[in-house]
Amino acid sequence: MRRKAGGMMERWQTRWDNNVARYESLSCVKLILPWSTPSMRFCTSELKSAVIASELKKRFKGQEIINVTGIRREESAGRKKAAVAKDDPRLAQKNAAGITWNPVIEWTIGEVKAAIARRGIELHEAYTKYLMTRVSCVFCIMSSAGDLIASTTCPDNQDIYRTMVELEATSTFAFQSNNWLGDVAPHLLGSELADRLALAKEAARVREMAEARIPEGLEYQQGWPTRRPTLDEAAIIADVRQTVAGAVGLSASYLDHHSILDRYDELLAQKFAKTPAVPVQLIGAMQRDQMAFGF
């Protein structure tokens, strides 16, 4: 089973390209990272759960499906609260229910290893050869520093490691918040990529300092601005965009306060058109501001 649009790396690369396009067109006020995060795990939902559910429904068309997983309560705070079994709408079909069942949810890691040993099954080599504490993606956003290092010692993982560091260097966003994947095994990078990563770290510092100046209330919500900036606020946004575009190497539009106000007006008009319940006097206020500022 594989996602038709490509694997995790392709998903991150496409997300970055889309986020750059959004930033350049002022469809977002801050540059958005390419990576998934612990609070935004589209890596799991799109490339694991959704793909598995789709395949199961193809294999068992029109039948009730029970999806058995191996999650356990002691693995995380989130899984500690998980149900033993629950309805799963991703698996449901016409007149056929879908259920996810977690039969070993109460087991400890010791009980898991004992059950494996009783059956004469060997642990994955990630545990036995590379001494990892947890096996997930080759480089996971939730991996410990030790597991990330261990993963780089497997020769099969080193090309994707460099590809991921390339995206760090291009985007100026660290793979794990402030923890750069490129720092895990710098000896695998080569001098050119190492130099680019160093420049990216400095660019990240410049980007973060600039974006911290964005006035409160001007960040977008659900893809839309929530209010129109004042003239002074638009000037600040213009300066921030110039700084960020220069630091990251983007070809951004809307780099002066007049074009920024015009863009906010355009987006707010689109938003109001999609939500007609919003009072029309807000649009009138925008038009009055335009007349006051002479554009």
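Here is a walk through a predicted model, from one helix to the aromatic rings and then to two unusual backbone angles.

Let's start at helix 6, which runs over residues 145-152. Its buried residues are Asp147, Leu148, Ala150, Ser151 and Thr152. Part of what covers them is helix 7, residues 158-171.

Asp147 is the one to zoom in on, since a buried carboxylate invites the question of partners. Which side chain of opposite charge is nearest to Asp147, and how far away is it? That would be Arg134, at 6.2 Å, and Asp147 has no salt bridge. A salt bridge here needs a side-chain nitrogen within 4 Å of a carboxyl oxygen, so that distance doesn't qualify. Arg134 still plays a part through its backbone: the side chain of Asp147 reaches the backbone nitrogen of Arg134 at 3.3 Å. Setting aside neighbours within four places in sequence, Asp147 is in contact with Met132, Thr133 and Arg134.

Ala150 sits in helix 6 too. With 10% relative accessibility, Ala150 falls in the buried class, because the cut-off is under 20%. Apart from residues up to four places away in sequence, Ala150 touches Tyr130 and Met132. Met132 therefore turns up in the contacts of Asp147 as well as in those of Ala150, where contact means heavy atoms within 4.5 Å. For a sense of scale, pick Phe272, which is 122 residues from Ala150 along the chain: the two C-alpha atoms are separated by 52 Å.

Now for the rings. A pair of aromatic rings is described by the distance of the centres and the angle of the planes. The model has six aromatic pairs by the rule used here. In one of them, Trp16 and Phe173 have ring centres 6.2 Å apart and planes at 70 degrees, which makes the pair edge-to-face. Trp16 belongs to helix 1 (residues 8-24) while Phe173 is in the loop between helix 7 and helix 8 (191-211), so this pair ties together parts that are 157 residues apart in sequence. Both Trp16 and Phe173 are buried.

Tyr220 and Tyr264 give another example: with centres 5.9 Å apart and planes at 90 degrees, they also count as edge-to-face. Here too distant parts of the chain are linked, with Tyr220 in the loop between helix 8 and helix 9 (231-248) and Tyr264 in helix 10 (residues 257-274), 44 residues apart. Tyr220 and Tyr264 are both buried. Elsewhere, ring pairs join Trp12, Trp35 and Phe175 into a cluster.

Some rings have a charge for company. Phe173, the partner of Trp16, has the charged end of Arg207 over its ring, 3.7 Å from the centre. Likewise, the charged end of Arg241 sits over the ring of Tyr23, 4.6 Å from the centre.

Last stop: the backbone. Most residues other than glycine have a negative phi, and most peptide bonds are trans. Where does the model go positive without a glycine? Ser177 is one of the places, with phi near 50 degrees. Ser177 is in the loop between helix 7 and helix 8, and its 64% relative accessibility is why it counts as exposed. Tyr254, in the loop between helix 9 and helix 10, has a positive phi of about 60 degrees. At 25% relative accessibility, Tyr254 counts as partly exposed.

Conventions:
Residues numbered from 1 in each chain as written. Predicted model: local features only at pLDDT ≥ 70, side-chain atom pairs only at ≥ 80, totals over all residues. Heavy atoms only, no water. Buried < 20%, exposed > 50% of the residue type's maximum accessible area, 1.4 Å probe, protein only. Helix = DSSP H or I, 4+ residues; strand = E, 2+ residues; numbered from the N terminus. Lys, Arg positive; Asp, Glu negative; His and termini not counted. Polar contact = N/O pair within 3.5 Å; in protein donor to acceptor, adjacent residues only side chain to side chain. Phe/Tyr/Trp six-rings, centres within 6.5 Å; stacked < 30°, edge-to-face > 60°. Lys NZ or Arg CZ within 6 Å of the ring centre and 35° of its normal.
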